[in-house]
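Student: I am new to this structure and would like to take a close look at a single part of it, namely the place where the two chains meet. Could you walk me through that part carefully, and set it in the context of the rest?

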There are 2 protein chains.
Amino acid sequence: MKLYKNPDKKDWSDLVTRPTLQKKELNEVVQSIIREVKLTGDDALLKFTQMFDSISLDELIVSEKEINEAISAIPDELKEAIGIAKQNIKMFHQSQIEVEKVVETSPGVNCWRKSVAIENVGLYIPGGSAPLFSTILMLGIPAKIAGCKEIVLCTPPNKNGAVNPAILYTANLIGIKKVYKVGGAQAIAALAYGTASIGKVNKIFGPGNQYVTKAKELVQQDGVAIDMPAGPSEVLVIADATSNPDFVAADLLSQAEHGADSQVILLSDNEAMINDALLELEIQLKDLPRKEIAKKALENSKFILFNSVEDCIAFSNEYAPEHLIFATESAENYLDLIVNAGSVFIGKYSCESAGDYASGTNHTLPTNGFAKSYSGVSVDSFIKKITFQKLTKEGIQGIGNAIELMAEAEGLFAHKNAVSLRLNSL
Amino acid sequence: MKLYKNPDKKDWSDLVTRPTLQKKELNEVVQSIIREVKLTGDDALLKFTQMFDSISLDELIVSEKEINEAISAIPDELKEAIGIAKQNIKMFHQSQIEVEKVVETSPGVNCWRKSVAIENVGLYIPGGSAPLFSTILMLGIPAKIAGCKEIVLCTPPNKNGAVNPAILYTANLIGIKKVYKVGGAQAIAALAYGTASIGKVNKIFGPGNQYVTKAKELVQQDGVAIDMPAGPSEVLVIADATSNPDFVAADLLSQAEHGADSQVILLSDNEAMINDALLELEIQLKDLPRKEIAKKALENSKFILFNSVEDCIAFSNEYAPEHLIFATESAENYLDLIVNAGSVFIGKYSCESAGDYASGTNHTLPTNGFAKSYSGVSVDSFIKKITFQKLTKEGIQGIGNAIELMAEAEGLFAHKNAVSLRLNSL
């Protein structure tokens with residue numbers, strides 16, 4: 001970890017730069033996987049599952065028996081916890097549904113937008129060391145609220161050909177009927193182009209390793225929509241003398257344990273707070289099961305002292321963090337200054353874990369500075385808004401001449417003629 | 001043009017397929033242009049402008065003098081027409097602004113979303129045969145309503161080094177201060193990476209030829225957001241015995257004149273309507289200044305007879321047209337059946353030209369079937385929604401245990417610890 005004191009503004013652009021991900025080598029590998037899935041469909045999926053997940057499967061779809069076993073396997077208290085999270089996420093996302101507003105822009109010219117669900121969506125849930133069943137809530141609940149007809153879930157099987165029961169339990173709870181045991185780039189290819197068992201979808205959501213990310217990037221070039229570009233997860237904490245260094249350290253670690261490439265940044269106008277948080281970090285780190293991962297992530301972490309909270313916010317805006325924990329007592333006075341962030345956590349009791357699991361906000365958020373132009377996942381991500389318009393006779397009479405003049409000025413006489421014919425008929 | 005009668009449903013997927021755009025050869029050319037702009041900045045821009053637009057410029061930025069000359073050059077009646085369009089577009093897009101709603105998902109857990117403008121956006125306006133000043137209204141007005149701080153416009157100069165006065169007039173009317181004389185892939189590269197004269201932007205909007213489209217696709221892979229993937233423009237008209245064949249023909253032609261690759265489709269449950277529209281098409285075509293372009297586009301057009309209006313809609317949903325003109329008297333009874341379309345024009349007086357110019361809806365819409373997953377441009381395109389949350393003591397006490405259990409089940413103990421520390425402090 002590195003400590004900076006009042007870095008010069010001209011050095012900020014270096015400080016906010018994320019490590020570059022190597023992309024070149026990946027490209028070929030992932031392209032060849034996609035090509036094979038397009039060519040041989042399920043055969044390729046089974047082959048790659050054998051190759052990468054070390055299991056030979058007969059069937060890709062998870063059976064009803066497996067789902068029922070998963071439901072029995074989950075302890076009641078975890079079921080209750082998931083239920084609480086589900087309810088809060090549902091409540092927050094339901095509030096995102098918009099009412100249609102018809103706007104009469106000119107007399108007889110009525111225009112409106114209608115939200116219509118994307119028909120087929122695919123959710124990718126990684127397997128591996130942390131079975132992210134919480135991500136199923138974060139993607140499946142807004143998909144259901146939006147009204148997507150078909151929601152398909154892909155997740156890699158373990159070496160025994162099984163899927164983590166918490167994943168199956170949560171998928172079933174949300175009402176996702178089709179869960180397939182397939183992971184990696186091959187899963188993304190299957191969702192993008194379809195195979196005999198897995199239907200093609202219009203949009204693909206979910207986190208993943210660099211193969212998955214690359215595959216999403218490549219299929220996007222073929223017109224399949226994706227939730228957003230991805231990079232390593234990150235947190236930026238702004239703390240001052242009123243913050244609790246134990247909480248700050250815990251929040252930094254909860255990001256660091258995600259992966260060795262996680263980004264962890266602490267900004268403060270108070271040097272003692274930085275030192276206290278650093279000390280506490282060392283203490284808490286010792287007891288963590290994932291301490292080796294967290295240590296690696298912390299090697300690249302940055303602790304920066306600034307002259308003021310305003311400077312901290314200005315730097316944060318330039319960094320555009322996925323998660324911004326604003327852990328000061330006066331945070332609420334500064335919210336209007338925040339222009340780039342995925343999700344903001346205000347005050348000492350709003351830890352990132354709350355938003356990761358159960359407060360109701362979505363945890364699929366823009367990383368890597370993408371918060372400058374992208375939003376996190378919401379119900380909006382699962383719909384498109386179709387515009388409608390209806391002009392009456394009065395409507396076309398009112399604006400017809402303006403259209404004719406503009407079309408003519410653009411040299412588009414057929415556009416003009418479509419109006420002239422109508423005006424002449426009246 | 002081809003006529004089909006009640007095509008079998010299994011053949012629909014062939015019928016809705018757009019011609020593939022060659023991409024491979026383009027890739028290298030565009031990549032080398034981007035590379036050079038990244039390396040030598042303005043020098044590369046001036047070099048490519050000399051090469052592709054046949055003009056050697058001293059300065060890229062349009063001067064105040066040029067803008068004032070453009071303002072004088074535009075006839076008053078065109079100014080009035082643009083004013084009417086501006087007012088309607090503003091009114092419709094202003095209605096898209098959302099009010100922040102704070103949702104208390106659990107006692108003491110408050111969550112909300114805030115719309116914040118993307119700070120820097122770039123608009124690309126093609127030059128060439130049709131000076132699309134209307135597109136400046138469609139992109140600039142929502143950008144202004146969203147509150148984007150910096151709006152930069154790039155458009156290629158003509159052989160004399162000038163920009164069409166209607167483009168300069170409209171940009172000035174909207175309040176766009178920075179207009180640069182640069183087009184093609186080099187303009188997109190400048191917007192994406194910045195040069196000495198053109199600042200880097202976070203998101204790039206606007207139509208263009210295949211070089212521009214390819215460049216947008218490539219810079220998107222570097223994390224620069226773009227409005228949407230692009231393809232040739234298209235219209236699908238649904239007509240029945242109640243439709244006016246003259247209007248239908250005019251609407252088809254107003255799409256066909258856009259470009260030789262434009263897609264034009266007519267669906268009907270009435271064979272006489274198709275025949276009448278075809279006859280009328282030939283008549284109207286003769287007088288069009290852009291008839292050679294329109295003729296080429298019509299070579300690939302499809303006229304399809306179906307058994308019912310419902311079948312027409314089902315086919316349209318599978319095609320997912322950019323523009324859907326629903327030209328029947330009973331159209332309004334069927335609107336709920338429409339699931340995939342960019343913009344829908346209802347009844348005999350709602351011609352596409354209205355939405356292209358002055359009704360108030362946006363004309364930057366998803367083509368190439370992307371309407372299945374993408375929306376057209378709106379104020380949403382110029383903002384990101386940042387989520388906020390504030391938990392009180394009561395809030396974390398209420399949901400803390402659920403978070404602990406879920407974090408533990410995902411094997412993320414630092415996530416759990418961030419909550420436990422807080423709960424223990426209370």
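Tutor: Let us begin with one chain as a whole: in this predicted model, buried residues make up 61% of the 426 residues in chain A. The secondary structure of chain A comes to 16 helices and 14 strands, and the C-alpha trace of the chain spans about 85 × 60 × 45 Å along its principal axes. Of the contacts in chain A with a separation of 6 or more, 75% are between residues 24 or more positions apart.

Now to the two chains together. Chain A can be laid on chain B by a turn of 180 degrees and a shift of 0.0 Å along the axis, with an RMSD of 0.0 Å. That is the relation of a two-fold axis. As for the surface used, 100% of the interface residues of chain A are also interface residues in chain B, so the copies meet through the same surface.

The part I would look at most closely is strand S14 of chain B, residues 383–391. Eight of the nine residues of this strand are buried, so S14(B) is largely enclosed by the rest of the structure. One of its partners comes from the other chain: strand S13 of chain A, residues 343–346, is joined to S14(B) by four bridges, and the two strands run parallel. If you want a position to find on the screen, take Val344(A), whose bridge partner in S14(B) is Phe388(B). Another partner belongs to chain B itself, since S3(B) and S14(B) pair over nine bridges in the antiparallel sense. Within that pairing, Ser115(B) stands opposite Lys385(B) of S14(B). As background, strands of a sheet pair through backbone hydrogen bonds, either parallel or antiparallel.

Side chains also reach across from one chain to the other. Asp380(A) forms a salt bridge with Arg113(B), with 3.3 Å between the closest N and O atoms. This pair crosses between chains, for Asp380(A) lies in the loop between helix H14 (352–357) and strand S14 (383–391) of chain A, while Arg113(B) lies in strand S3 (residues 109–117) of chain B. The two ends differ in their surroundings: Asp380(A) is partly exposed, with a relative accessible area of 22%, whereas Arg113(B) is buried, at 12%.

To set this crossing pair in context, consider a salt bridge inside chain B, where the side chains of Lys38(B) and Asp222(B) meet at 3.6 Å, N to O. Here the pair links distant parts of the chain, with Lys38(B) in helix H2 (residues 24–40) and Asp222(B) in the loop between helix H9 (210–220) and S8, 184 residues apart. Lys38(B) is partly exposed, with a relative accessible area of 46%, and Asp222(B) also counts as partly exposed, at 44% relative accessibility. Returning to the meeting of the chains, Glu98(A), Arg113(A), Lys385(A) and Asp380(B) are joined into one network by salt bridges that share partners.

A search of the whole structure finds 38 salt bridges over all chains. One within chain A joins the side chains of Arg18(A) and Glu234(A), at 2.7 Å from N to O. Arg18(A) lies in the loop between helix H1 (12–15) and helix H2 (24–40) of chain A and Glu234(A) in strand S9 (residues 234–239), so the pair ties together parts that are 216 residues apart in sequence. Arg18(A) is buried, with a relative accessible area of 12%, and Glu234(A) is buried as well, at 0%.

Finally, a look at another sheet helps to place the strands described above. Chain B has an open sheet of five strands in the order S6-S5-S4-S7-S8, with parallel pairing. Strand S6 (178–181) and strand S8 (225–226) stand at its edges, each with a single partner strand, so one side of each is left without a neighbour in the sheet. Strand S5 (residues 150–155) of chain B pairs with S6(B) in the parallel sense over four bridges, and Leu153(B) stands opposite Val179(B) in S6(B). Helix H8 (residues 184–193) of chain B lies across S4, S5 and S7 of that chain, and runs at about 175 degrees to S4(B).

Methods. Residues are numbered from 1 along each chain as its sequence is written. Chains are lettered from A and ligands numbered from 1 in the order in which they are written. This is a predicted model: local features need pLDDT of at least 70, side-chain atom pairs count only at pLDDT 80 or more; totals for chains, interfaces and linings use all residues. Side-chain values use heavy atoms; hydrogens and water are left out. Two strands pair if DSSP finds at least two bridges between them. Contact means heavy atoms within 4.5 Å. Axes are lines fitted to C-alpha atoms, for helices over the stretch in contact, and angles run from 0 to 180 degrees between N-to-C directions. Copies are superposed by least squares on the C-alpha atoms of residues with pLDDT of at least 70 in both. A salt bridge is a side-chain nitrogen of Lys or Arg within 4 Å of a carboxyl oxygen of Asp or Glu. Buried means under 20% relative accessible area, exposed over 50%, partly exposed in between (1.4 Å probe, protein chains only).
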